[in-house]
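Me: I've just opened this one and I'd like a walk through it. Could we go step by step, with the reasoning spelled out?

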Amino acid sequence: MRRFALLVLPLLIATPLVAQMVKPGSRNPAAVTGGVYEVDPDHTLIAWHVDHMGFSDYFGIFGSSTGTLTLDPKNPDAAKVDITIPIAKVTTANAGLTAHLLRPGKDGSKPDFFGAAPADARFVSKSVKTSGTRAKITGNLTINGIMRPVVLDAEFVGAGKAAATMGGKENVGFQAKAVIKRSDFGIGFLVPLVSDDVTLVITAAFQK
């Protein structure tokens with residue numbers, strides 16, 4: 001009984017403290033401050049999914065992105081974003097598939113997907129059109145050395161200053177979606193058994 005009490009007591013003490021905590025992020029756009037933000041690589045994720053033979057969707061993730069976001073709350077349409085995505089760090093739930101994505105072509109031929117030591121992907125915005133907390137971000141996406149125009153449907157998630165214990169930086173976050181055709185970037189392996197369309201779901205976090 002005493003041992004149980006020793007285990008539970010810290011939880012009982014901590015619960016009121018947790019209940020009193022207030023999330024520093026606000027969904028009010030007025031919380032956004034202007035300036036140049038850096039990508040938070042630990043909290044920025046680019047998830048992709050494809051239709052696998054008409055049976056199910058298959059998912060993967062790119063992380064460790066870098067780049068900048070320039071914001072002016074008085075002129076949100078002047079925002080600029082430039083993000084680099086390390087393709088070589090792609091993650092899937094299947095080690096064999098991950099290895100296949102990064103496998104070189106046989107006998108010097110073209111690889112099925114990205115190949116060994118692939119170049120980083122990059123998205124650079126060209127224009128931003130905002131409407132309330134939503135925006136259409138038009139830009140150029142480069143994958144496998146091939147550049148194509150892409151439109152992101154983005155939504156403001158929150159902004160605010162982190163606690164001093166968490167670095168005390170100004171933060172701003174967005175979610176975005178887009179659909180691209182992988183064949184546009186030279187990745188047509190198994191189309192149409194595995195869909196040409198790739199849906200991107202992006203969680204983007206920035207700090208300054």
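Me: How many helices and strands are there in the protein chain?
Reply: Keep in mind that this is a predicted model. From the N terminus on, the elements run α-β-β-β-β-β-β-α-β-β-β-β-β. Going through that string, the protein chain has two helices and eleven strands.

Me: What does the C-alpha trace of the protein chain span along its principal axes?
Reply: The protein chain has 208 residues, and 32% of them count as buried. Along the principal axes, the C-alpha trace spans about 65 × 55 × 30 Å.

Me: Which residues lining the second largest pocket are the closest to its centre?
Reply: That pocket holds about 560 Å³ of space. It is lined by 23 residues, and the closest to the centre are Pro 24, Gly 25, Asn 171, Val 172 and Ala 205.

Me: Which strands each supply at least two residues of that pocket's lining?
Reply: By type, the lining residues divide into ten nonpolar, ten polar and three charged. As for the strands that each give at least two residues to the lining, they are strand 9 (146–161), strand 10 and strand 11.

Me: Which residues make the nonpolar surface patch of about 420 Å²?
Reply: Take Leu 190, which sits in the loop between strand 10 (170–181) and strand 11 (197–207). A patch residue needs over 30% relative accessible area, and Leu 190 is partly exposed with 35%. The full set in this patch is Met 53, Phe 55, Leu 190 and Leu 193.

Me: Where is the cis peptide bond?
Reply: Most peptide bonds are trans. Here, though, one with omega of about 10° is cis. Pro 192, one of its two residues, lies in the loop between strand 10 and strand 11. The bond joins Val 191 and Pro 192.

Me: How many salt bridges does the structure hold?
Reply: Side chains of opposite charge can pair when their charged atoms come close. One such pair is Arg 103 and Asp 112, at 3.6 Å from N to O. Counting every salt bridge in the structure gives six.

Me: Is Asp 112, the partner of Arg 103, buried, partly exposed or exposed?
Reply: Buried means under 20% relative accessible area and exposed means over 50%. Arg 103 has 38%, so it falls in between. Asp 112 has a relative accessible area of 25%, so the class is partly exposed.

Me: Which elements does the pair of Arg 134 and Glu 155 link?
Reply: Their side chains meet in a salt bridge, 3.6 Å from N to O. The two residues are 21 apart in the chain, and the pair links distant parts of it: strand 8 (residues 134–143) and strand 9.

Me: How far apart are the closest N and O atoms in the salt bridge of Lys 136 with Asp 153?
Reply: Lys 136 is in strand 8 and Asp 153 in strand 9, 17 residues apart. Lys 136 is partly exposed, with a relative accessible area of 45%, and Asp 153 counts as partly exposed at 40%. The closest N and O atoms of the pair are separated by 2.4 Å.

Me: What is the C-alpha distance between Ala 78 and Lys 126?
Reply: Ala 78 belongs to the loop between strand 4 (66–71) and strand 5 (80–85), and is partly exposed at 37% relative accessible area. Along the sequence, Ala 78 and Lys 126 are 48 residues apart, yet in space their C-alpha atoms are separated by 9.8 Å.

Me: What separates the C-alpha atoms of Asp 72 and Val 32?
Reply: Asp 72 is also in the loop between strand 4 and strand 5. At 36% relative accessibility, Asp 72 counts as partly exposed. Val 32 is 40 residues away along the chain, and the C-alpha separation is 8.7 Å.

Me: What is the phi of Asp 107?
Reply: Most residues other than glycine have a negative phi. Asp 107, in the loop between helix 2 (95–101) and strand 7 (121–131), has a positive one. At 84% relative accessibility, this residue counts as exposed. The phi of Asp 107 is near 50°.

Me: Is Ala 117 buried or exposed?
Reply: Ala 117 is found in the loop between helix 2 and strand 7. Though not a glycine, Ala 117 has a positive phi of about 50°. With 75% relative accessibility, Ala 117 counts as exposed.

How values were computed
Residues numbered from 1 in each chain as written. Predicted model: local features only at pLDDT ≥ 70, side-chain atom pairs only at ≥ 80, totals over all residues. Heavy atoms only, no water. Patch = residues over 30% accessible without salt bridge, like charges linked within 9 Å, V, L, I, M, F, W, Y side chains within 5 Å. Areas by Shrake-Rupley, 256 points an atom, 1.4 Å probe, with all protein chains shown as cover. Salt bridge = Lys/Arg side-chain N within 4 Å of Asp/Glu carboxyl O. Helix = DSSP H or I, 4+ residues; strand = E, 2+ residues; numbered from the N terminus. Buried < 20%, exposed > 50% of the residue type's maximum accessible area, 1.4 Å probe, protein only. 1 Å grid on protein atoms, 1.4 Å probe; cavity = no way out; pocket = protein on both sides within 12 Å on 5 of 7 lines; lining within 4 Å. Points joined across faces, edges and corners; volume = space filled by probe spheres on them. Nonpolar A, V, L, I, M, F, W, Y, C, P; charged D, E, K, R; others polar.
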